[in-house]
Amino acid sequence: MKWTQPLAIPPHHLPPLSMSSCSKSPANSGEVAGSNSMAWVKMFKKPGEGLKKSYQPGSMLSLALTKGLLNEPGQNSCFLNSAVQVLWQLDIFRRSLRQLSGHFCLGDACIFCALKSIFSQFQQSRERVLPSDSLRNALAETFKDEQRFQLGLMDDAAECFENILERIHLHMVSDTATDACSSKSCITHQKFAMMLYEQFVCRCCGASSDPHPFTEFVHYVSTTALCQQVDRIFGKNERPRSDMFGELLQAANSTGDLRSCPSDCGQSIKIRRVLMNCPEIVTIGFVWDAEQSDLTDDVIWSLGPRLNLCGLFNRVTDENAKRSELHLVGMICFSSKHYSAFAYHTKSSKWIAYVDHLLVP
Ligand SMILES: [Zn+2]
Ligand SMILES: [Zn+2]
Ligand SMILES: [Zn+2]
């Protein structure tokens with residue numbers, strides 16, 4: 001029998017551990033839909049006025065409340081378990097979900113009910129390891145027609161994470177138009193959504209394309225492009241400053257996105273991404289472009305524990321977003337065809353790793 005078990009490790013041990021376990025892309029498994037699957041999810045929590053509050057004694061999740069999730073042979077539930085563990089460790093998400101009850105229920109296929117049930121067991125059960133079957137079943141039932149997240153099959157943790165968020169939106173507002181959601185009870189949009197628009201503006205003649213507005217819950221960045229930018233800006237021997245992580249991600253995200261000027265002035269111009277709101281949680285998905293990547297060390301090299309939104313986007317319009325700095329609190333890593341989750345436990349200032357252990361029956 002296999003299960004995931006929380007394990008406290010000192011923070012300085014984390015990056016090598018998490019990254020060395022990250023050397024392969026999920027596409028490796030051969031069962032994952034889409035070749036562009038990503039290996040990582042990172043969460044950044046907005047400190048702002050919430051920081052003091054979250055550091056108050058007793059307000060944080062206790063390590064004693066940290067439980068593992070079962071992943072028995074053949075279940076291949078590590079992608080789901082990792083997503084659930086990271087969601088549970090996000091204080092903002094956990095507390096907000098607890099306050100919600102009314103929703104459009106889908107009975108046995110209700111992802112909302114299944115997630116609520118796991119969270120209440122995390123809080124109340126005396127067991128150290130719990131099954132995630134109800135959520136696994138609800139997810140499989142919900143995505144039956146698309147043949148995604150089906151029972152027994154491995155899938156992509158970051159896509160699972162994103163889809164759980166999208167489903168919560170649907171359970172709250174029952175509206176498929178996800179871009180214009182302003183429901184106060186929709187945690188997905190209130191806490192996670194990045195409201196953006198993209199536009200090409202020519203610095204030479206001033207011509208611009210029509211702005212393209214959209215909403216995203218996970219901001220994807222190519223690891224290849226990220227490492228190219230690190231090489232370009234710093235060379236091989238200099239380590240990027242930790243406060244430059246946002247800028248590096250932005251540079252990586254705009255490489256290759258060149259178009260010719262809409263007024264045909266002959267210039268090639270870059271895309272600009274403008275953030276219009278202030279998300280409380282920002283999730284970055286790293287896309288590994290090759291099945292076997294030798295970029296693992298370079299990606300570790302570029303990582304910073306803090307992220308500012310003005311660095312991440314070309315322009316930020318919200319005043320709070322301009323001032324906020326986000327802190328890394330969780331990640332999901334893929335290695336040896338297996339996902340593990342890591343979460344920063346603010347009360348003890350420790351990283352917690354959810355790693356599979358083998359139990360001989
Ligand atoms: Zn329900
Ligand atoms: Zn919503
Ligand atoms: Zn032009």
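## Notebook: arginine 148, three zinc sites, a helix and a hairpin

I began with arginine 148, which counts as buried at 18% relative accessibility, since the cut-off for buried is under 20%. I note at the outset that this is a predicted model, and I read every value below as computed from it.

**Salt bridges**

I looked up the partners of arginine 148 next, and found a salt bridge with glutamate 159 in which the closest N and O atoms are 3.0 Å apart. Arginine 148 sits in the loop between α6 (133-142) and α7, while glutamate 159 belongs to helix α7, so this pair ties together parts that are 11 residues apart in sequence. Glutamate 159 is buried, as is arginine 148. Arginine 148 also forms a salt bridge with glutamate 146, where the closest N and O atoms lie 3.6 Å apart, and glutamate 146 is partly exposed, with a relative accessible area of 45%. I therefore record Glu146, Arg148 and Glu159 as one network, joined by salt bridges that share partners.

The structure holds 8 salt bridges, and I followed up one more of them, in which the side chains of lysine 144 and glutamate 141 meet at 2.9 Å, N to O. Both ends turned out to be partly exposed: lysine 144 has a relative accessible area of 39%, and glutamate 141 stands at 41% relative accessibility.

**Zinc ion, ligand 1**

Which residues coordinate the zinc ion (ligand 1)? I found His103 through NE2, and Cys105, Cys110 and Cys113 through SG, at 2.1 to 2.4 Å. The angles among the 4 donor atoms run from 100 to 116°, and the site is tetrahedral. Along the chain the donors follow the spacing H-x1-C-x4-C-x2-C. Histidine 103, in the loop between α4 (91-99) and α5 (111-124), and cysteine 113, in helix α5, are 10 residues apart, and the pair links distant parts of the chain. I checked the accessibility of these two donors, and histidine 103 counts as partly exposed at 22%, while cysteine 113 is partly exposed with a relative accessible area of 31%.

**Zinc ion, ligand 2**

For the zinc ion (ligand 2) I listed the protein donors as His169 (ND1), Cys181 (SG), Cys186 (SG) and His189 (ND1), which lie 2.1 to 2.3 Å from the ion. The site is tetrahedral, with angles of 98 to 122° among its 4 donor atoms, and the donor residues are spaced H-x11-C-x4-C-x2-H in sequence. Histidine 169 lies in helix α7 (residues 157-173) and cysteine 186 in the loop between α7 and α8 (187-192), so that the pair ties together parts 17 residues apart in sequence. Are these two donors buried or exposed? Histidine 169 is buried, with a relative accessible area of 1%, and cysteine 186 is buried too, with a value of 0%.

**Zinc ion, ligand 3**

The zinc ion (ligand 3) is held by the SG atoms of Cys202, Cys205, Cys261 and Cys265, at 2.3 Å. I noted angles of 101 to 118° among the 4 donor atoms, and the site is tetrahedral. The spacing of the donors along the chain reads C-x2-C-x55-C-x3-C. Cysteine 261 is buried, with a relative accessible area of 2%, whereas cysteine 265 is partly exposed, with a relative accessible area of 33%.

**Helix α3**

I then compared the length of helix α3 (residues 78-89) with its expected span: at 1.5 Å a residue its 12 residues should span 16 Å, and its end C-alpha atoms are 16 Å apart, which agrees. How many residues of α3 are buried? I counted 12 of its 12 residues as buried, and thus noted the helix as mostly covered; among them are Phe79, Leu80, Val84 and Trp88, as well as Asn81, Gln85 and Gln89.

**Hairpin β13-β14**

My last entry concerns strand β13 (residues 325-335), which pairs with β14 in the antiparallel sense over 6 bridges. The two strands form a hairpin with 2 residues between them, and serine 336 in the turn has a positive phi of about 45°. I located serine 335 opposite histidine 338 in β14. Of the 8 residues of strand β14 (residues 338-345), 7 are buried, so this strand is largely enclosed by the rest of the structure.

Key: Residues are numbered from 1 along each chain as its sequence is written. Chains are lettered from A and ligands numbered from 1 in the order in which they are written. This is a predicted model: local features need pLDDT of at least 70, side-chain atom pairs count only at pLDDT 80 or more; totals for chains, interfaces and linings use all residues. Side-chain values use heavy atoms; hydrogens and water are left out. Donors are N, O and S atoms within 2.8 Å of the metal (3.2 Å for Na, K and Ca); water is not among the atoms, so sites may look incomplete. Four donors count as tetrahedral if all angles lie between 85 and 135 degrees; four count as square planar and six as octahedral if opposite donors are over 155 degrees apart and all others between 65 and 115; anything else is irregular. Helices (H or I, at least four residues) and strands (E, at least two) are DSSP runs, numbered from the N terminus. Buried means under 20% relative accessible area, exposed over 50%, partly exposed in between (1.4 Å probe, protein chains only). Two strands pair if DSSP finds at least two bridges between them. The expected span of a helix is 1.5 Å times one less than its number of residues. A salt bridge is a side-chain nitrogen of Lys or Arg within 4 Å of a carboxyl oxygen of Asp or Glu.
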